[in-house]
Amino acid sequence: FHKPVVNEELLRSLPNLKIVASAGVGIDHLDLKLLSSHGVKVSNTPFVVSTDTADLGVALMLASSRRIVEGHQIAVSPDTGHFPADWLGTGVSGATLGIIGMGTIGYKVAQRARAFEMKILYHNRRQRNEEEEGAVGAIYCKKIDDLLQQSDFVLLSVNLTPQTHKLIGKRELELMKPTATLINISRGLVVDQDALVEALQNGVIKAAALDVTHPEPLPRDHPLLKLQNVVLTPHVGSATRQTRRRMMEGMLESIQAALAGLPIPNEVL
């Protein structure tokens with residue numbers, strides 16, 4: 001978004017800086033130790049983005065499974081004389097959804113998927129309690145491999161950390177069903193993109209629906225842009241008017257608190 005990188009040079013040029021207020025959940029673009037060493041606080045807007053991002057995750061699943069983008073192209077093409085009878089998508093209702101990262105966003109995805117009568121598996125650093133699992137009918141998979149092997153749709157909703165960097169690579173993609181779809185609403189670097197391109201080209205998995213890539217945007221000649229079995233959106237998980245306004249309000253609250261020497265809402269420690 002053409003914002004300045006918060007590095008040593010910038011921090012030295014801003015000796016009176018009190019806080020860096022970041023929009024959204026992810027803070028992988030910030031060096032927390034460096035900021036702390038300069039006495040600078042950090043805040044984000046973690047919870048306000050959850051609903052819209054979960055909505056987008058489900059939208060991507062539906063768009064990919066029912067081939068919405070391809071269907072639109074057929075419907076509006078000047079070359080279309082008839083609609084092909086053998087043009088088929090994949091059903092979502094009753095399918096198995098595997099959610100990797102059952103935080104606030106992942107749990108909201110599960111709530112929505114329950115309305116589609118989906119079987120919900122999840123993998124997380126910690127298992128949710130029985131009441132939370134029961135409310136959405138979710139089954140905990142201690143091993144990520146078990147989730148990958150069983151799921152028709154695998155949705156990624158994790159923070160980018162050293163542990164989740166390229167969490168999904170060649171080995172993990174090969175564990176997935178050849179009929180499965182990968183959905184990423186977290187960060188592009190959670191997936192090994194080269195391995196994903198190869199898997200999509202060779203039928204290792206059926207499709208991918210991605211709101212995030214690395215870099216963003218992708219180079220215009222990137223192979224992901226040319227594949228028919230890929231749906232891409234431009235990192236718009238939180239991009240509704242209502243949520244973006246609430247994000248800005250939350251950032252302002254944090255900034256005002258920092259300047260007044262008060263406890264900072266949503267401070268990242």
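**View A. L259 sits in helix α10, on a nonpolar surface patch.** This is a predicted model: local features need pLDDT of at least 70, side-chain atom pairs count only at pLDDT 80 or more, and totals for chains, interfaces and linings use all residues. Residues are numbered from 1 along each chain as its sequence is written, and side-chain values use heavy atoms, with hydrogens and water left out. Helices (H or I, at least four residues) and strands (E, at least two) are DSSP runs, numbered from the N terminus. L259 shares the patch with L252 and I255, and together they make about 280 Å². L259 itself is exposed, as its relative accessible area is 61%. (Buried means under 20% relative accessible area, exposed over 50%, partly exposed in between, with a 1.4 Å probe and protein chains only. Patch residues have over 30% relative accessible area and no salt bridge; like charges are joined within 9 Å, nonpolar side chains (Val, Leu, Ile, Met, Phe, Trp, Tyr) within 5 Å. Areas come from the Shrake-Rupley method with a 1.4 Å probe.)

**View B. Strand β7 is covered on both faces.** On one side of β7 (residues 181–184) are T181 and I183, on the other L182 and N184, and all are buried. β7 runs parallel to β6, joined by four bridges; strands count as paired if DSSP finds at least two bridges between them. One contact to look for is L156, whose bridge partner in β7 is N184. To get from β6 to β7 the chain passes through α8, in a right-handed β-α-β crossover. (Right-handed: with the strands pointing away from the viewer, the path from the first strand over the helix to the second runs clockwise.) β8 also pairs with β7 in the parallel sense, over four bridges, and here T181 stands opposite A207. The chain goes from β7 to β8 through helix α9 (residues 193–201), and that crossover is right-handed too.

**View C. Two cis peptide bonds turn up in the loop between β8 and β9.** Most peptide bonds are trans. Here, though, H214 and P215 are joined by a cis bond with omega about -5°. The bond from E216 to P217 is cis as well, with omega near -5°. P215 lies in the loop between β8 (207–210) and β9 (230–232), and P217 is in that loop too.

**View D. K166 and N266 have positive phi without being glycines.** Most residues other than glycine have a negative phi. K166 has a phi near 55° and sits in the loop between β6 (153–156) and α8 (170–175). Its relative accessibility is 43%, so K166 counts as partly exposed. N266, with phi about 55°, belongs to the segment after α10 (241–260). N266 is also partly exposed, at 35%.

**View E. R12 and E8 meet in a salt bridge within helix α1.** A salt bridge here is a side-chain nitrogen of Lys or Arg within 4 Å of a carboxyl oxygen of Asp or Glu, and the whole structure has eleven of them. The R12–E8 distance is 2.8 Å, N to O. Because the two are four residues apart in α1 (residues 8–13), about one helical turn separates them. R12 is exposed at 63%, while E8 is partly exposed at 30%.

**View F. D28 and R187 pair up across the sequence.** Their closest N and O atoms are 3.1 Å apart. D28 comes from the loop between β1 (19–21) and α2 (32–37) and R187 from the loop between β7 and α9, so the pair ties together parts 159 residues apart in sequence. Both are partly exposed: D28 at 38% and R187 at 21%.

**View G. K177 and D152 make another link between distant parts of the chain.** Their salt bridge is 2.9 Å, N to O. K177 is in the loop between α8 and β7 and D152 in the loop between α7 (144–150) and β6, 25 residues apart. D152 is buried, at 19%, whereas K177 is partly exposed, at 26%. Elsewhere, D145, R171 and E172 are linked in a network of salt bridges.

**View H. The UniProt record marks an NAD-binding span.** The unreviewed entry annotates residues 58–237 as "domain: D-isomer specific 2-hydroxyacid dehydrogenase NAD-binding"; positions follow the numbering used here, feature names are shortened, and annotations may be inferred rather than shown by experiment. The end C-alpha atoms of residues 58–237 lie 11 Å apart, and the span is 32% helix and 16% strand.
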